[in-house]
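Please look at the sequence and the model below before reading on. The explanation that accompanies them is meant to be followed with the structure in view.

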Amino acid sequence: MKKFDYLKPQSLEEVLSLLNQFGTKAKLIGGGTDAIVMQRQNKISPDLFISLRGIPGLDHIEGNGLLKIGAMVTHRAIEQSPLIRERFPLLSEASGLLGSVQIRNVATLGGNLCTASPSAETAPPLLVYEAEVHLISQKGERRIPLESFFLGPGETALEQKEVLKEILLQPPPPNSRGAYLKLGRRKAMDLAVVNVAVLLTLNPKTGICERARIALGAVAPTPIRVREAENIIEGNQLNDELIRKAGEMAKHTCSPISDIRASSEYRREMVGVLVEKAIRQSLT
Amino acid sequence: MKQTVQFKLNGESIQIEVEPHLSLLQVIREKLELTGTKEGCGMGECGACTVLVDGKAINSCLFPILEVEGKSVTTIEGLIEADGTLHPLQRSFVENGAVQCGFCTPGMVLSAKALLDQHPKPTEKQIRLAISGNLCRCTGYIQIIRAIQAASEQ
Ligand SMILES: Cc1cc2nc3c(=O)[nH]c(=O)nc-3n(C[C@H](O)[C@H](O)[C@H](O)COP(=O)(O)OP(=O)(O)OC[C@H]3O[C@@H](n4cnc5c(N)ncnc54)[C@H](O)[C@@H]3O)c2cc1C
Ligand code: FES
Ligand code: FES
């Protein structure tokens with residue numbers, strides 16, 4: 001096993017200055033459930049891990065309007081937060097389906113996003129909620145939409161000396177309801193073959209779908225929003241025909257690959273099925 | 001370079017010198033010679049290495065040793081009483097035939113303990129969820145679920 005050093009800085013300032021000092025030799029580590037596995041598989045070989053655990057200001061869930069979730073908040077804490085369950089239930093569900101209890105007790109939301117796996121559990125829910133990410137480096141701070149954070153498999157907009165500090169969520173408009181569906185090969189402990197989040201805002205009087213957000217995981221180089229499918233249902237009273245069309249559109253917009261978990265044909269087919277199903281679930 | 005780490009292991013404070021790249025599992029088995037905790041996959045998938053850190057079940061194979069600083073770690077050896085009396089969960093596993101080869105057992109028992117500490121009367125669904133990160137290759141899941149149920153009824 002290749003050796004590495006392990007530093008536990010006490011503040012975010014210290015983290016940033018260590019990143020500056022060690023450059024590409026260092027790698028950040030949150031819960032380590034991706035980083036340690038990648039190190040063991042020789043996909044990364046840092047001389048040094050810089051731990052974010054225990055750093056003040058990274059593990060909060062707070063806010064009345066705008067909700068702020070620190071990058072180091074664990075999936076277990078998200079799953080068990082009444083605030084998130086009530087206001088952002090799709091995120092609560094997704095975190096609750098990630099890995100096992102043991103994994104959720106240590107794996108963090110920030111780590112899930114920074115690994116930038118196309119199948120990242122929490123990405124589709126956060127995309128339909130139009131989350132933003134707050135990044136910090138010695139040069140300063142910036143806030144960007146999550147959608148522009150994902151650049152490719154394992155690639156993000158994070159610069160080499162930058163840290164993801166928190167995830168920001170605006171409450172969706174009133175009368176919004178949604179669904180998160182994960183298709184895996186078994187019930188627990190599996191990455192998604194396809195994952196889908198849908199969030200609809202329905203006019204309670206007319207029943208018209210005023211706003212639609214649909215996001216997909218594991219069927220493109222990054223998790224994606226499918227605006228083409230959203231446009232089909234937005235502004236309309238939903239019926240079987242439109243729901244089917246939205247599913248078809250999502251199916252044709254994505255670009256899945258074949259791997260050990262599923263073929264691209266199967267993934268594409270399932271996108272249609274799951275988008276339809278998630279829209280129907282959001283309506284009930 | 002070796003570093004000092006201080007934590008509580010099964011109720012006792014200890015301080016040891018470790019190399020920073022080691023996992024909690026390696027330190028428990030190889031330095032502290034407590035071999036009740038098993039290594040299956042070494043990748044977070046099987047749960048054989050489950051221990052409790054501050055009461056929470058975690059995979060010790062992925063847990064960097066320096067992260068236990070100041071924390072309290074419970075391994076399967078910590079469940080047994082000083083006079084050798086088994087923990088009710090351990091007894092229940094024996095009585096319900098929930099142990100075959102035994103490789104998954106320490107992890108299963110600790111996942112069950114973390115559950116019962118939080119929910120003393122869990123539903124079957126809660127039990128299944130709590131052990132979904134623990135694989136048993138002898139496939140005795142039904143007996144394991146029964147053993148946990150029986151322990152929760154005591
Ligand atoms: C057995 C097992 C099952 C799993 N199941 C699932 C699953 O069902 N769904 C799923 O989506 N994932 C799954 N994963 C992957 C992993 O658990 C998640 O992606 C998790 O959220 C990663 O979080 P972490 O804190 O452990 O990240 P780490 O491993 O600590 O970090 C991951 C990467 O992000 C970087 N990083 C971490 N935090 C920051 C930050 N704040 N700023 C900048 N960079 C940062 C690190 O440098 C590293 O490159 C599984 C992993 C295992 C081992
Ligand atoms: S050895 Fe740790 S999960 Fe398998
Ligand atoms: S008893 Fe053999 S692996 Fe579970």
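The paragraphs below treat first the two domains of one chain and then the contact between two chains.

The structure is a predicted model. Within it, chain B is divided into two domains: domain 1 covers residues 3-76, and domain 2 covers residues 88-152. A distance of 21 Å separates the C-alpha centres of domain 1 of chain B and domain 2 of chain B.

The two domains touch one another. On one side of this contact stand 16 residues of domain 1 of chain B, and on the other stand 12 residues of domain 2 of chain B. Together, domain 1 and domain 2 of chain B bury about 1100 Å² between them, and 68% of this area lies on carbon and sulfur atoms. Strand β3 of chain B, residues 50-53, gives the most to the side of domain 1 that touches domain 2, with three residues. By class, that side of domain 1 of chain B has six nonpolar, seven polar and three charged residues. What kinds of polar pairing are found across this interface of domain 1 and domain 2 of chain B? The rule finds four residue pairs in polar contact there, while the count of salt bridges between the two domains is zero.

The second interface joins chain B to chain A. Here 32 residues from chain B and 26 residues from chain A take part in the contact. Chain B and chain A bury about 2300 Å² between them, with 54% of it on carbon and sulfur atoms. Within chain B, the residues that lose the most area to chain A are B:H21, B:L62 and B:E67, which together account for 27% of what that side buries.

How many salt bridges are counted between chain B and chain A? The count is three. In one salt bridge, the side chain of A:K8 meets that of B:E67, at 3.8 Å from N to O. B:E67 has thus appeared twice, as it is also among the residues of chain B that lose the most area to chain A. In addition, 11 residue pairs are in polar contact between chain B and chain A.

Several elements of chain B contribute to this side. The strand β4 (56-59) and the helices α3 (105-118) and α4 (124-130) of chain B each supply at least two residues of the side that touches chain A. Of the elements, β4(B) gives the most, with four residues. By class, the side of chain B that touches chain A divides into 13 nonpolar, 14 polar and five charged residues.

Methods. Residues numbered from 1 in each chain as written. Chains lettered and ligands numbered in written order. Predicted model: local features only at pLDDT ≥ 70, side-chain atom pairs only at ≥ 80, totals over all residues. Heavy atoms only, no water. Domains from an automatic or database assignment. Contact = heavy atoms within 4.5 Å. Buried area = accessible area lost by both parts, 1.4 Å probe. Salt bridge = Lys/Arg side-chain N within 4 Å of Asp/Glu carboxyl O. Polar contact = N/O pair within 3.5 Å; in protein donor to acceptor, adjacent residues only side chain to side chain. Nonpolar A, V, L, I, M, F, W, Y, C, P; charged D, E, K, R; others polar.
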